[in-house]
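User: I should like to work through a structure and learn how its features are read. Please take the features in turn, giving the general idea before the case at hand.

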Amino acid sequence: MTGQNSIWVFIEQTDGKIADVSLELTGKARELADQLGYDVVGLVFGHDVEPLAQQVIERGADRVLLADHPELAVYRTLPYARVAIAEARARKPEIFLIGGSPNGRDLAPRVASALRCGLTADCTDLQIGEYTIRKENKTYPNLLYQIRPAFGGNLIATIVNPKTRPQMATVREGVMRMPAAQPGRTGTIEKVVPAFEPGDFALEVLSRQVRHSTVQLKEAPVVVSGGAGIGSAEDFALLRDLANLLGGEVGASRAAVDAGMIARPHQVGQTGTTVRPRLYIAAGISGAIQHRAGMDQSSKIIAINTDPNAPMFQIAHYKIVGDVAEVLPMIIKALRERSMSDGSTDGE
Amino acid sequence: MTDQKPIHSAVLVKQVPDTHNITGEVMTKDGTMNRNALPAIFNPEDLNALEMALQIRERRGGTVTVITMGPPKAANVLRDALFRGADRVILLTDRKFAGADTLATSYVLKCAVEKAGPFDLLFCGRQAIDGDTAQVGPQLAEKLGIPQITYAETIVEISGDQIVAERVLDSGSEIVRCKLPALLTVVGSANTPRPASVRRRIERKLAAAPGEYAAIRAAWPEFESDAQLETYLTAHGLKIAVWTAEDIGASEEQVGLAGSPTQVHKINFVVLESTESKTIPATPEGIAAMVQELVHEYIVG
């Protein structure tokens, strides 16, 4: 069996390259499986993707279920869901993790609906624990705690699925840490033969355009982010100047993205990118939990806000109560002057 | 286009608290949210979904039915949908629906769509701003056994029994061709939703669900009984239909809390770790000192 007592991870791949989020989840699954004494199983779907199986094993999987078929070459909901649902029904995994990418968020609910199991989107942490239903006077051990910020406010909810299997969750890229590859690590590869039905091909992909994002938030050593407190798209130019000066990237809160001041790939937070830079500058960001979830592990945080009670100040190392439009130029000026004085004294 | 068969659409919408406008004032001193300070609004991307359906009706003819599940006050978004041009609106409300997660919600919507249909196209917003799960659309499509086109931005064409649409993803875009019936989840960049029309606001001002008849009759005493008002509203397409679990033949164990596999184990208030922090005066001197310190600690190179 590759199901019972196992944690499954859907391995998303595009043109033969595995998505980072899938390997990050494989690492997290390994950690949870070690606690439970379970196996980690990676689901590799695609065409001519057999070489990917070993990569998944090297990141911590014990087994790979490999569905290699021409109809799986490009991601499509129905053929992918067909295979995932059939295998989950036959093998009954305990836990099934899927990356919170557009394709993952397309696939996971389709699968959960067919399996009639619970699914929690965009978890920011996964743990193992127990849950007691008092009415039944019964304790369910070894459940997956699906932890995510809840509804609007400063709340973190722990969700469990005590009675249905698999326990499903999606997690965004960057939330879990990328495990180191262990070259030579061994595992088993089992080939799966898809049993498609004609209806599975109701949709065809006529063309695809891959846009390689020029926004490199996840790896940036410094992130300068703006929120609703930034007046306009023009004022974001100040953030860009500062980010350039620091060799960093521009981030944004969801409020700024929704207001159209900056493009969505810049969004930091639970539903955007999770970052852990050396320095995070939060300019005009109040600091809702969904935003903080994506940046609170930054080494140093500078918060600038006119509202002295902004929640962001509570996690900031440097608090500056003031107008972003005045404070940012001061920081830029101080940095430029420092560079100049460095140059004159050190002769660099 | 040769094939001009009318297209019948259903749009599944949600009334949500306006979490986009959470400000310091909405948060209470103990870190919880004052929900009363948040207005209930039409979920933004559901308006994009409605707009897409209305545009198709303009090009092709047909009808647009708007369906929501929620408490009685969710009738407000249906009234709004009527003002924007929907032909028919249905409120799914029942105490038994309370506490539904996305699986139980999609089941109720499936029962309602089957009763209200058939439809050629179903539209949902990509996701609702209160939960951000983006799950109900795909789950509904699965329950209906129809294909889904998530992240739809543009409808390129509808001809015969096929739709060609463009999906926008973080990593690029896709043009897909899909057989009807199909379900689309619509992104916010798809269009600019039309505002509620002033003319329709006047023409349809009496639009009401049965639970609201008393209030209507208080304001319009010429309606002498609920029955008389109902006859009038039905004749003028102003009745907001209200369907219960029984009306749509939904099985009790699949709706509401009972039908929801996910349970909330606990809710934690976030205790912000008190970081060792410095307050920096917003002056050139204060900022320069901070920058100096960051350089000293090798935070800034």
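The dialogue below goes through strands, helices, cores and the contact between chains.

User: What kind of model is this, and how many helices and strands are there in chain B?

Analyst: The model is predicted. Chain B holds eight helices and 13 strands. Its C-alpha atoms fill a box of roughly 75 × 50 × 45 Å along the principal axes. Of its 301 residues, 47% count as buried. Among contacts in chain B with a separation of 6 or more, 70% are made by residues 24 or more positions apart.

User: How should one read a strand, taking E5 of chain A; is it enclosed or open?

Analyst: One looks at burial, and then at the pairing partners. Strand E5 (residues 63-68) of chain A has five of its six residues buried, so it is largely enclosed by the rest of the structure. E5(A) pairs in the parallel sense with strand E4 (residues 39-46) of chain A over six bridges, and A:Gly42 stands opposite A:Val64 in E5(A). Between these two strands the chain passes through helix H2 (residues 50-58) of chain A, in a right-handed β-α-β crossover. E5(A) also pairs with strand E12 (residues 188-191) of chain A, in the parallel sense over four bridges; here A:Arg63 stands opposite A:Thr188.

User: Which strands pair with E17 of chain A?

Analyst: Strand E16 (residues 279-283) of chain A pairs with E17(A) in the parallel sense over five bridges, with A:Ile281 and A:Ile302 as bridge partners. E17(A) and E18(A) pair in the parallel sense as well, over four bridges. In E18(A), the bridge partner of A:Ile302 is A:Tyr318. A:Ile302 thus has a named partner in E16(A) and another in E18(A). As to burial, five of the six residues of E17(A) (residues 300-305) are buried, so this strand is largely enclosed by the rest of the structure.

User: How is a helix checked against its expected span, for instance H3 of chain A?

Analyst: The general idea is that an α-helix has 3.6 residues a turn, so residues three or four places apart point the same way. For the span, one takes 1.5 Å a residue: the 15 residues of helix H3 (residues 77-91) of chain A should span 21 Å, and the end C-alpha atoms are 21 Å apart, which agrees. The buried residues of H3(A) include A:Tyr80, A:Val83, A:Ala84, A:Glu87 and A:Ala88. Just after H3(A), A:Lys92 takes a positive phi of about 50 degrees.

User: What does the equivalent reading give for H1 of chain B?

Analyst: Helix H1 (residues 44-60) of chain B has 17 residues and reaches 25 Å from its first C-alpha to its last, close to the 24 Å expected. Among its buried residues are B:Leu47, B:Leu50, B:Leu54 and B:Ile56, together with B:Glu45, B:Asp46 and B:Glu51. Just after H1(B), B:Gly61 takes a positive phi of about 75 degrees.

User: Which residues touch the most other members of the largest nonpolar core?

Analyst: In soluble globular proteins, nonpolar side chains tend to be buried together. Here the largest nonpolar core has 146 residues, and A:Leu97 and B:Val108 touch the most other members. Helix H3 (residues 102-116) of chain B gives the largest share of this core, eight residues. Beyond its neighbours within four places in sequence, B:Val108 is in contact with B:Met69, B:Leu92, B:Phe97, B:Ala100, B:Ala250 and B:Val255. Another core, of 52 residues, lies apart from it and has A:Ala220, A:Leu238, A:Val250 and A:Ala283 among its members.

User: How many residues of chain B are in contact with chain A, and which element supplies the largest share?

Analyst: The size of an interface is often given as the accessible area lost when the parts come together. Counted by contacts, 65 residues of chain B meet 76 residues of chain A. On the side of chain B that touches chain A, the largest share, eight residues, comes from E9(B). The residues of that side divide into 30 nonpolar, 22 polar and 13 charged. Strand pairing also links the chains: two bridges join strand E18 (residues 318-321) of chain A to E13(B), and the two run parallel. The bridge partner of A:Tyr318 in E13(B) is B:Lys278.

User: Where is A:Gly231 placed?

Analyst: A:Gly231 lies in the loop between strand E14 (222-226) and helix H5 (236-245) of chain A. With 14 other C-beta atoms within 10 Å, A:Gly231 is partly exposed. Its C-alpha atom is separated by 8.5 Å from that of A:Ala325, 94 residues apart along the chain.

Notes. Residues numbered from 1 in each chain as written. Chains lettered and ligands numbered in written order. Predicted model: local features only at pLDDT ≥ 70, side-chain atom pairs only at ≥ 80, totals over all residues. Buried ≥ 20, exposed ≤ 12 C-beta atoms within 10 Å, placed from the backbone. Pairing = 2+ DSSP bridges. Right-handed = clockwise from strand over helix to strand, strands pointing away. Expected span 1.5 Å × (residues − 1). Core = buried A, V, L, I, M, F, W, Y, C linked by C-beta atoms within 7 Å. Contact = placed C-beta atoms within 7 Å. Nonpolar A, V, L, I, M, F, W, Y, C, P; charged D, E, K, R; others polar.
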